[in-house]
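Please prepare a short report on the fold, the nonpolar core and one selected residue of the model shown here.

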Amino acid sequence: FTCLFLDTDRALVLLEEYCKKLKKPEEQQLKKAIRKVMGIFKSSLFQALLGSFTKKATRHGTISYPSLPAALACDVFG
């Protein structure tokens with residue numbers, strides 16, 4: 001379970017670094033969307049869902065580390 005939480009933390013750091021580079025007016029919509037994803041990753045609901053997901057996946061022997069964050073990011077970005 002720890003690996004997924006560390007991956008989420010790493011994703012947050014990388015997203016924050018990327019956001020700092022987005023300065024052009026045409027990049028502001030992307031920056032807003034990335035900040036929305038970051039807010040989701042930081043939320044207690046996301047953390048609870050991630051914990052529940054990893055427990056179920058581990059129990060069934062089918063765990064794909066990026067699947068939940070990737071699914072949420074795809075949903076947010078459309």
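The report below goes from the whole chain to its core and then to a single side chain.

This is a predicted model, in which local features need pLDDT of at least 70 and side-chain atom pairs count only at pLDDT 80 or more, whereas totals for chains, interfaces and linings use all residues. Residues are numbered from 1 along each chain as its sequence is written, and side-chain values use heavy atoms, with hydrogens and water left out.

The protein chain has four helices and zero strands, where helices (H or I, at least four residues) and strands (E, at least two) are DSSP runs numbered from the N terminus. Of its 78 residues, 24% are buried, that is, under 20% relative accessible area, with exposed meaning over 50% and partly exposed in between (1.4 Å probe, protein chains only).

The largest nonpolar core (buried Ala, Val, Leu, Ile, Met, Phe, Trp, Tyr and Cys residues joined through side-chain atoms within 4.5 Å) has nine residues, including Leu-12, Ile-34, Phe-41 and Leu-50. Each of the helices tabulated here supplies at least two residues of this core, and H2 gives the most, with four residues.

| Helix | Residue range |
|---|---|
| H1 | residues 2-21 |
| H2 | residues 28-42 |
| H3 | residues 44-60 |

Glu-16 is found in helix H1 and is partly exposed, with a relative accessible area of 25%. Not counting residues up to four places away in sequence, Glu-16 touches Arg-35 and Met-38, a contact being heavy atoms within 4.5 Å. The C-alpha atoms of Glu-16 and Met-38, which lie 22 residues apart along the chain, are separated by 8.1 Å, and Met-38 also belongs to the largest nonpolar core.
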